[in-house]
2 protein chains.
Amino acid sequence: IDSGMFVYVRNLFQEMPAYDLALMLESSTSKTRLVLWQLIDPDMHGEVLEELNEEVRKSILKNMAPEKVAAVAEGMDIDDIAEVLRTLPDSVYQQVINTMDHQDRTRVEQALSYEEDTAGGIMNTDTITIRPDVTVDVVLRYLRLKGTLPESTDSFYVVDRNDLFIGSVSLSSIVTARAEVIISTLIDDDVTAVKADMPEADVAQLFEKYDWFSAPVIDENGRLVGRITIDDVIDIIREEAEHSLMSMAGLDDEADTFAPVVKSTQQRSVWLAVNLVTALMAVAVSSMFEGILSELAILAILNTLVPSMGGVAGNQTLTLVIRGIALGHIGDSNSRLILYKELAVGFLNGLIWSLVIAGVVVLWKQDISLGLVIAFAMMVNLTVAGASGVLIPILLKKMNIDPALAGSVILTTITDIVGIFAFLGTATWLLSP
Amino acid sequence: IDSGMFVYVRNLFQEMPAYDLALMLESSTSKTRLVLWQLIDPDMHGEVLEELNEEVRKSILKNMAPEKVAAVAEGMDIDDIAEVLRTLPDSVYQQVINTMDHQDRTRVEQALSYEEDTAGGIMNTDTITIRPDVTVDVVLRYLRLKGTLPESTDSFYVVDRNDLFIGSVSLSSIVTARAEVIISTLIDDDVTAVKADMPEADVAQLFEKYDWFSAPVIDENGRLVGRITIDDVIDIIREEAEHSLMSMAGLDDEADTFAPVVKSTQQRSVWLAVNLVTALMAVAVSSMFEGILSELAILAILNTLVPSMGGVAGNQTLTLVIRGIALGHIGDSNSRLILYKELAVGFLNGLIWSLVIAGVVVLWKQDISLGLVIAFAMMVNLTVAGASGVLIPILLKKMNIDPALAGSVILTTITDIVGIFAFLGTATWLLSP
């Protein structure tokens, strides 16, 4: 690429919204990414960083001088600065903080005092507050004087002189009220304040429940400390929904699609190691039946069928239950109900597929006892798969282990082992020459 | 439950928000659901229906008389009525439409004229329009006269006398402007109108890209026909993200956790049938090696290892690529890049795990050639798994088949067959007595 090309690309980038630039960086390899980053107008750097996913952001920040990070941070929202600073190593973090002016530093340090995944960690501090005893007219004159409102402002917060939160008044109720109406009469009863230490997943659920656009955040003393807007909540909802998908394949939710080969290999090998251990357990079970396997090669050939069907049926139940837990459909009160239901589904599926598979085997090998053996094993394994698909995620949840991460491995181990035992065990008993 | 209990429950339900009632219905079996539905205040029925997922909603509507459906529809938003009506059988639909008053009928029929998954299908028609040449003062006086605004109104739409869309003016720019300012000078350049036939996934992306709270919808002639608010967009984002998770297990995104046993069994059996066919293909491959399997039982015991590792490694790549395609990270321009990367990751993982597995096998069986055989097969299968994990979803996407639905089955079939071929084939060649 010659220098004329560079100028061209730089101009092109100036026209693009931050979201598109972030998408482009996320779609590039780590080397190209750094070159592209240099070509983006530094005034846009802050906005682009806000839009990037965590792992890509880290890979860019790692290569930036602390002064530059501080310069970029200046144009960003407080919650986003805090998010960026959290990903920096301590030494760089100190340098960045030191180059900030006093006001910014205090605000950022306050934001950092809240846990990352709580309301305090995702809130912004740019609220507009009004007193309960003023009239609509006074508020409108104040707003005109102000000239602009913070982005995504749909309501104002009513506080007393000690900043204690009293209530929320929507912008639309202010424009539809008569000029002499007192603010305290316009307070919206449907809006309650969110505590700063509330987990972000709970915050997201409140937004969905009440169709909020924004919500006030208060500290433990009931003082207004900030507000959360729906664009931050969307990110949480997307991450949460993606989390199950990625975890079930043993991947990090924020995994960078174009991470360097060695890094990706490292990240994936953990999961492959876990799988190897469980696969070796299945091998160990098979090897207990070496005798009959060496006598009847057909058993060796059919040995994968029952575990495979059990794994698929079990994973269907597991996925349904994991989603049910995440959506709040499955709790203590109805976990027994879903267990019975899935046991019944497993049993019924077992019945259907044991008939089908027995038919296939009898037609193929003209051996009725072999058909009986595999039918029985299928029956047992699909029923066990149904029960495991319900019990594993519920138990993991109780033990505070993420069911999406560990559930599938444990389930497959169980359906493999039960499947092999049921098939080769019954075969040893019924078919031994 | 006696009648006193019924009264108690009925009162309890009256205090609960629609979202919680919907959650409760979704967490119940189909029988309990109908009883609970009767206990909910009929005035709330509309709101609760709006919150329910599709399959549960259908199961309730199926049991309602058409007049009741029409009565419930009265209190609902037009887009939600349209959504409900779409799920009804034609005869019931006609009856419901006939009991509606003229105005509602025209509006609903207009909403139904748009495809379900487009901007037109999810929009509402309750927009507030203003003329470009009036002053802020006139608008404010008009709003005060109106008294209330439609829910979630954050902006007004400027149209000419033929309803042609000119632009959008935010509520916050109106309250901060001086009284004599002309509306046309306040038009927000960042807001563009959405065409009514735009697919809902694209609409969601625009909302995320520009952090919109709402957006105007226009028809093919540029006339304003409605608006979309972010709460509808959140549902789309959640569904989209859940779609991959559910499809990969062969489940419908809207699957009802507590569907009746027979229905669930039916729904799952399709997927199990597909799996049985692919598993039988693997069995057919194994049976080609019946000779060596009957001579060396250890091969039968180890036969599951290589396919299992290939399946896991391939599914990791597949999940990453499916997510990458959904997020727009992977397109034509960089699909070759990701293929090379995943081939390299597969090869490297193959190297690591073939060394590990060869070590385990040599230590266990004191047989170096057996170690070599399994190491070679592992190497081949993990590399093939990496390539398949990239190529399968990209090809399926090009053929307009959902990669999340079909990808995993095809991938596992390939890794099973390649794994067995590589392992038993090499064994036949190297170990035959």
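A residue counts as exposed when its relative accessible area is over 50%. By that yardstick B:D332 is exposed, because its value comes to 65%, and B:K398 is exposed too, since its value is 57%. The model is a predicted one, and these two residues make a handy way into its charged pairs. Their side chains meet in a salt bridge, with N to O at 2.9 Å. The link ties together distant parts of chain B: B:D332 sits in the loop between α18 (305-326) and α19 (335-365), while B:K398 belongs to helix α20 (residues 368-398), 66 residues apart.

Over all chains, the structure holds 22 salt bridges. Another of them joins B:E208 to A:R238, and here the closest N and O atoms are 2.5 Å apart. This pair crosses between chains, running from helix α13 (residues 200-210) of chain B to helix α14 (residues 230-248) of chain A. Burial means a relative accessible area under 20%. B:E208 therefore counts as buried, at 13%, and A:R238 is likewise buried, at 18%. Then there is the bridge between B:E342 and B:K341, at 3.6 Å from N to O. Both of these residues are buried. Salt bridges with shared partners bring A:R268 into the picture, joining A:R268, B:K341 and B:E342 into one network.

Next comes the contact between the two chains. Chain A puts in 104 residues, and chain B puts in 104 residues as well. Interface size is often quoted as the accessible area that is lost when the parts come together. Here chains A and B bury about 10,300 Å² between them, and carbon and sulfur atoms account for 68% of that. As for charged pairs, eight salt bridges are counted between chain B and chain A. One such pairing is A:E242 with B:R323, whose side chains meet at 3.6 Å, N to O. Polar contacts between the chains come to 28 residue pairs, with both residues at pLDDT 80 or more. On the chain B side, helix α15 (residues 261-287) gives the most, with 16 residues. Sorted by class, that side of chain B has 56 nonpolar, 29 polar and 19 charged residues.

On to the strands. In chain A, β5 (residues 214-218) pairs with β6 in the antiparallel sense, over five bridges. One of the matched positions is A:P216, whose bridge partner in β6 of chain A is A:R227. The hairpin made by these two strands has five residues between them, and within it A:G222 takes a positive phi near 85°. Strand β6 (residues 224-229) of chain A has six of its six residues buried, so the rest of the structure largely encloses it.

Chain B has an open sheet of three strands, ordered β1-β2-β3, with mixed pairing. Its edges are β1 (129-130) and β3 (165-170); each has a single partner strand, so one side of each is left without a neighbour in the sheet. Between β2 (residues 155-159) and β3 of chain B there are five bridges, and the two strands run antiparallel. Within this pairing, B:F156 has B:V169 in β3 as its bridge partner.

Finally, a look at a loop position in chain B. B:S184 lies between α12 (171-176) and β4 (194-195). Its relative accessibility is 36%, so B:S184 counts as partly exposed. Between the C-alpha atoms of B:S184 and B:L280 the separation is 69 Å, with the two residues 96 apart along the chain.

Conventions:
Residues are numbered from 1 along each chain as its sequence is written. Chains are lettered from A and ligands numbered from 1 in the order in which they are written. This is a predicted model: local features need pLDDT of at least 70, side-chain atom pairs count only at pLDDT 80 or more; totals for chains, interfaces and linings use all residues. Side-chain values use heavy atoms; hydrogens and water are left out. Buried means under 20% relative accessible area, exposed over 50%, partly exposed in between (1.4 Å probe, protein chains only). Helices (H or I, at least four residues) and strands (E, at least two) are DSSP runs, numbered from the N terminus. Two strands pair if DSSP finds at least two bridges between them. Contact means heavy atoms within 4.5 Å. Buried area is the accessible area (1.4 Å probe) that two parts lose on being put together, summed over both. A salt bridge is a side-chain nitrogen of Lys or Arg within 4 Å of a carboxyl oxygen of Asp or Glu. A polar contact is a pair of N or O atoms within 3.5 Å; within protein, one must be able to donate a hydrogen and the other to accept it, and residues adjacent in sequence count only if both atoms are side-chain atoms. Ala, Val, Leu, Ile, Met, Phe, Trp, Tyr, Cys and Pro count as nonpolar, Asp, Glu, Lys and Arg as charged, and the others, Gly among them, as polar.
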